[in-house]
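Student: I would like to learn how to read aromatic pairs and surface exposure in a model. Can we work through one together?
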Amino acid sequence: MRLVFGISLVLCFLSAAAVADEIPPKTLAECIAIAEQQHPSLKAATASVQAGHARVWEAGSNYLPQISATYAAQRRQTSSAAFGGTGGQAFRSNFYNTGPSLTQVLFDFGQTLNAIQAAQAAEQSLQADRTTQHDTVVLNLKQAYFNVLATVRLLKVADETVRQNQKHVEQAQG
């Protein structure tokens, strides 16, 4: 990925050099700002940190009251022979069961507190991963940027060498 990023940056600068009259070259600070806004691994790391923060709130939700409701319907059909009769119509009965419930944890022997602390530690780990990812992206960008500058300078030196060699050829011929 680092190689692809470096190659794309080099191509960007070389194409920018081709149309240098139209687009001014970017400074290192501008390139870093663009990378911070647009780099997909930084966006993914930021989303992971946000998800970790949400997991902290999720772990803390066990302290809140839990509300639930149930509804069940059942239909039974029994023959009249089951009641001591002979033949006849089947007996149908409908049963309905509904009920709300409210539960509140009073004491869970520290399970919820430990879950919250584990989620907070995971969130801090994700923040550290994001910082590491940011630093890696900036380092790769700086290396690619300075490689492009060196390449541009080497290109200028090569052009000057070609001009000097052409002058030597002209002097030798003429």
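Tutor: We will go through ring pairs, a surface patch and a few single residues in this predicted model.

Student: How is a pair of aromatic rings described?

Tutor: Two values are used, the distance of the centres and the angle of the planes. Here the count comes to two aromatic pairs. In one of them, the ring centres of phenylalanine 107 and phenylalanine 109 are 4.8 Å apart and the planes are at 75°, so this pair is edge-to-face. In tyrosine 145 and phenylalanine 146 the centres are 5.6 Å apart and the planes at 85°, so that pair is edge-to-face too.

Student: Are tyrosine 145 and phenylalanine 146 buried or exposed?

Tutor: Tyrosine 145 is buried, because its relative accessible area is 9% and the cut-off for buried is under 20%. Phenylalanine 146 has 45%, so it is partly exposed.

Student: Which residues make the nonpolar surface patch?

Tutor: Leu106, Phe107 and Phe109 make it, with an area of about 480 Å². Both phenylalanines, 107 and 109, are exposed. Leucine 106 is exposed as well, at 81% relative accessible area, and sits in the loop between strand 2 (91-103) and helix 4 (111-173).

Student: Where is glutamine 117?

Tutor: Glutamine 117 is in helix 4 and is partly exposed, at 42% relative accessibility. Its C-alpha atom is 8.1 Å from that of valine 56, although the two residues are 61 apart along the chain.

Student: What lies over the face of phenylalanine 95?

Tutor: Arginine 76 does, at 4.7 Å from the ring centre.

Conventions
Residues are numbered from 1 along each chain as its sequence is written. This is a predicted model: local features need pLDDT of at least 70, side-chain atom pairs count only at pLDDT 80 or more; totals for chains, interfaces and linings use all residues. Side-chain values use heavy atoms; hydrogens and water are left out. Patches are made of residues with over 30% relative accessible area and no salt bridge: like charges are joined within 9 Å, nonpolar side chains (Val, Leu, Ile, Met, Phe, Trp, Tyr) within 5 Å. Accessible areas come from the Shrake-Rupley method with a 1.4 Å probe; for residues, only the protein chains shown count as cover. A salt bridge is a side-chain nitrogen of Lys or Arg within 4 Å of a carboxyl oxygen of Asp or Glu. Helices (H or I, at least four residues) and strands (E, at least two) are DSSP runs, numbered from the N terminus. Buried means under 20% relative accessible area, exposed over 50%, partly exposed in between (1.4 Å probe, protein chains only). Rings of Phe, Tyr and Trp (its six-membered ring) pair if their centres lie within 6.5 Å; planes under 30 degrees apart count as stacked, over 60 as edge-to-face and the rest as tilted. A charge sits over a ring if NZ of Lys or CZ of Arg is within 6 Å of the ring centre and within 35 degrees of the ring normal.
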